[in-house]
Each structure stands twice: as C-alpha cells, then as structure tokens.
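Reader: I should like to request a close look at one part of this protein, with attention to side-chain pairing and packing. Please set the answer out as one connected account.

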Amino acid sequence: MHDPQSEIRYPVVYKMTTGSQIASWILGLFFGTCGVGLLMFLLQGSFDPIGYAFLGGIALCLLAVSVYCIAYAMQGSLTLEAQAIEIRKAFITRRLQRSEILGRRITQGRSASYPVIVPRTGASITIERSTFGLDDRFSTWFNALPDLDAQERAEALAMVERDASLGSSAQERLATLEKAKQAVKVLNLLPMGLLFWSFVYPRPYAAIIACAAVLPWVAVVLTWAKPGLFQLDGKKGDVRPNLAMLLIMPPLVLAMRALLDVTLIDFRQLFLWGFVLGMPLCVAVFAAPKASSKATTKPWALPLLMLPFMMAYGCGLLALTDAMWDSAKPEVFRTAVTGKDISHGKTTTYYLHLAPWSKTIDEDRISVPHAYYEAVDKADVVCVRLHPGKFGLRWMQVGPCG
C-alpha cells in the first residue's frame, strides 16, 4: 500500500510564524516593562517587610514571564522526523519516538481544535497549529498515529451492544441508546430553562426551588438505574449521553437565589450544615455504578470536580428553606438609613446602609428590593426584622415599620 509519508522529505522543521514571534516579543516587553516599573516603584517607596516581599514577588513573576516569552519567540520550534517528533519551547525540549507514543487525540478549544500527542508515559503534548504554521505534512504524520478517540468510541459502542439490560439484540440496544440520547437532549434543556426562569420571572418561587433541588437527583437516579446507558463524567469518546448538566446548573441556581433573596447572619453554621446537606448527593455521584471503560480511568475526578457544586447545592438549599419555612415571629429593631449604593455585576443589587441597630450583630449594609431602595432616602427610619430561621440560621429583612 502507498505510504503518504514516503513523499515527505524529513526532517521537517517548523519555526514560529512571524505573527506568533511578534506577539511573544510584545508580551515579553510588556511584562518586562511592568516588572521593571514595579521594582523602581519599590525602590522609591516606603513599605513594611511584608509589602516589600509581596510586591517584589509580583515584580519577579512579571520578569520571569517576560524572559519566558522572549526566549520562546527566539527558540520555539517543532521538528518532524519519520519516526520522531521534537518540540522546543523556551527552556524545555521534548522528543518522542513513535514507539513512545500511545496515540493521538483532537481537543476542542473555544475557537479552534488542537492536535494532542499522548505518550505512553508522561504528560500529553497539545500543539497549536497557528503558532508553528503547520501544514499538510504535519497532518499526514499526525494522522498516522493511532486514533485514541475513535478507539474509545468503538469500545463504548461495543459495550452498549453487549449490555443485555438494554434489549434482546444488538440492534434493539443501539435503538435504546438513540432514544436515550434524544431524552437527554430534552433533559439538558431543563437546567438552562430553570436558570432563565429563576432570574427573569421567579414565580412561583417554591416551584423553582423544588425543581433545582430535584434535578440533580434525577441525573443520579438515571445513572444508577442504567449505568451502561447514561454517564455523569462526560468523557470524550463515550457514546453514552451525558447528564452532568443536571448536576452543575441547579446548584448554581440555588446558590444565586440564596445570595439574592436571603440576608443570613450565621454563615459559619450555614457552611457547616450546607456541606453536610450536600454530601449525600456527592456520595451518590461517587458511588454511582459506571460501565467499565478505558475512557474512565480516574473515578475520583468527577466527585472532586463536583464538590464545589455540591457545596453550593447544600448551602443554597439550606439557606432558602431556612427562610421559606420560617413562621416564627421576628425581633424588630428601629434604625435609620445612613446611605445607599448599587452593585453592578451579572446582576444588579441594591443596598441600604443602616445606623447600628444591634449590640451583637454588625450588619449595616443590607440588600433590598429595587422598589424599596427607590422608596427610602437617607435619614429615613426603617425596621430590621431578625428572624430565627426554621433550622436555627438567623436571617433578616429591612422594611417599613408599619
């Protein structure tokens, strides 16, 4: 058979393109100028030892980045040989023989795809085509490597075909997989709809909180019920539909609604018991049965990645239910408005500054609804209502005293 590589005259040396070199030089000069300027500022100023150490460390980091960028612009190259590849960066040169390479992958970035060389040992090498101006000769050399993505897709598909719980024949099992993919497309739209619903028109409020609390468990139950059909870790090359969106978006909705709607006092208890409340979901994700596959080599990675979301789930749900289900009579404190301000970010939050109103609670900047923010002025008398909380987490509201 004809070997396309036989037409390539090795070695093939790719230097950094002119545009990439210019960009690296500009970045190097910029960071170098910033580092030198910060050092001059330090020499002329008067700081305590901690200030000198902190600013000096930043200056040295800027100078180190500058040196790296300039060295990369001067030395960066990629060399292809018939049986090897060598990549030279600023201070590191890495060379791999074909016998040392397990295979190839393609990883998708924001605006481009990047070839990845996976060695049998050591870290993978991601290559930017635009940096070295790679052409068809590199593509021919790269495509001759084993396609790990295709291998894992074929393995996952064969695993579905062998799963007797999905049907009586291979054709029936593949049809079940296609139905599951269509169902998951609909399920993955629910978290985005929930996010839109919770911020644009959060009514009925209790229904939003209930949906956000239930959706992660839907993903867990489906994975437990059909481990050979659904996945939570979203490994590339796996043909099974991924339910990870149900684990990510609802906890963020709960956390954001808690931040916007509840002014809590007892944060230490919230974080402690919120962690406890989120742990069952994290344990369920960790313990969920998974179909054996080479694509899933790190079973601990998903629970570790999901831990912040489970924390957001527990804290958000606890704060919201603590306020929603609190029917006890609050304590009322009269105070005066001393100022107002608005915080602009992904959402706009309106704050009132209050005169001291409690000997034990130091909360003088409290968020309020937009309508009430516009209704009061500086020096107006308002009332702070301190609620005990359904689960003992105190929270407060500001409003008229009538």
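Is Glu178 buried, partly exposed or exposed, and what is its relative accessible area? Please take the answer as the starting point for a close look at helix 6 and its surroundings.

Author: The model is a predicted one. In it, Glu178 has a relative accessible area of 42%, which falls between the limits of 20% and 50% and therefore makes this residue partly exposed.

Glu178 is paired with Lys181 in a salt bridge, and the closest N and O atoms of the two side chains are 3.7 Å apart. That value is inside the 4 Å cut-off for such a bridge. Lys181 is likewise partly exposed, at 27% relative accessibility. The two residues are three positions apart in helix 6, so about one helical turn separates them. In general terms, side chains of opposite charge can pair when their charged atoms come close.

Further along, helix 6, which spans 170–200, packs with helix 8. Their axes are 9 Å apart and meet at an angle of about 10°. Helix 6 is therefore roughly parallel to helix 8, since angles under 35 degrees count as such. On the side of helix 6, the contact is made by Leu187, Asn188, Pro191, Met192, Leu194, Leu195, Ser198 and Phe199. Helix 8 contributes Met245, Leu246, Met249, Pro250, Val253, Met256, Arg257 and Leu260 to this contact.

Two of the residues just named, Phe199 and Met256, also belong to a nonpolar patch on the surface. The other members of the patch are Phe196, Val200, Tyr201 and Leu259, and together the six have about 640 Å² of accessible area. Helix 6 and helix 8 (245–261) each supply at least two residues of the patch, and helix 6 gives the most, with three. Phe199 is a residue of helix 6 and counts as partly exposed, at 30% relative accessibility.

The pair in helix 6 may be set beside salt bridges elsewhere, since a search of the whole structure finds eleven of them. In one of these, Arg105 and Asp149 meet at 2.9 Å, N to O. This pair links distant parts of the chain, because Arg105 is in strand 5 (residues 101–108) and Asp149 is in helix 5 (residues 148–162), 44 residues apart. Arg105 is partly exposed, with a relative accessible area of 25%, whereas Asp149 is buried at 5%.

Another bridge joins Arg394 and Asp266, whose closest N and O atoms are 2.9 Å apart. Arg394 lies in the loop between strand 12 (381–387) and strand 13 (395–399), and Asp266 in the loop between strand 8 (263–264) and helix 9, so the bridge ties together parts that are 128 residues apart in sequence. Arg394 is partly exposed, with a relative accessible area of 30%, while Asp266 is buried at 9%. In addition, Glu81, Glu86, Arg88 and Arg95 are joined into one network by salt bridges that share partners.

Two members of that network, Glu86 and Arg88, are also among the contacts of Ser77. Ser77 lies in strand 2 (residues 77–81) and is buried, with a relative accessible area of 7%. Beyond its neighbours within four places in sequence, Ser77 also touches Tyr14, Lys15, Ile87 and Phe132.

Notes. Residues numbered from 1 in each chain as written. Predicted model: local features only at pLDDT ≥ 70, side-chain atom pairs only at ≥ 80, totals over all residues. Heavy atoms only, no water. Patch = residues over 30% accessible without salt bridge, like charges linked within 9 Å, V, L, I, M, F, W, Y side chains within 5 Å. Areas by Shrake-Rupley, 256 points an atom, 1.4 Å probe, with all protein chains shown as cover. Helix = DSSP H or I, 4+ residues; strand = E, 2+ residues; numbered from the N terminus. Buried < 20%, exposed > 50% of the residue type's maximum accessible area, 1.4 Å probe, protein only. Axes fitted to C-alpha atoms, helices over the stretch in contact; angles between N-to-C directions. Parallel < 35°, antiparallel > 145°, perpendicular 65-115°, else oblique. Contact = heavy atoms within 4.5 Å.
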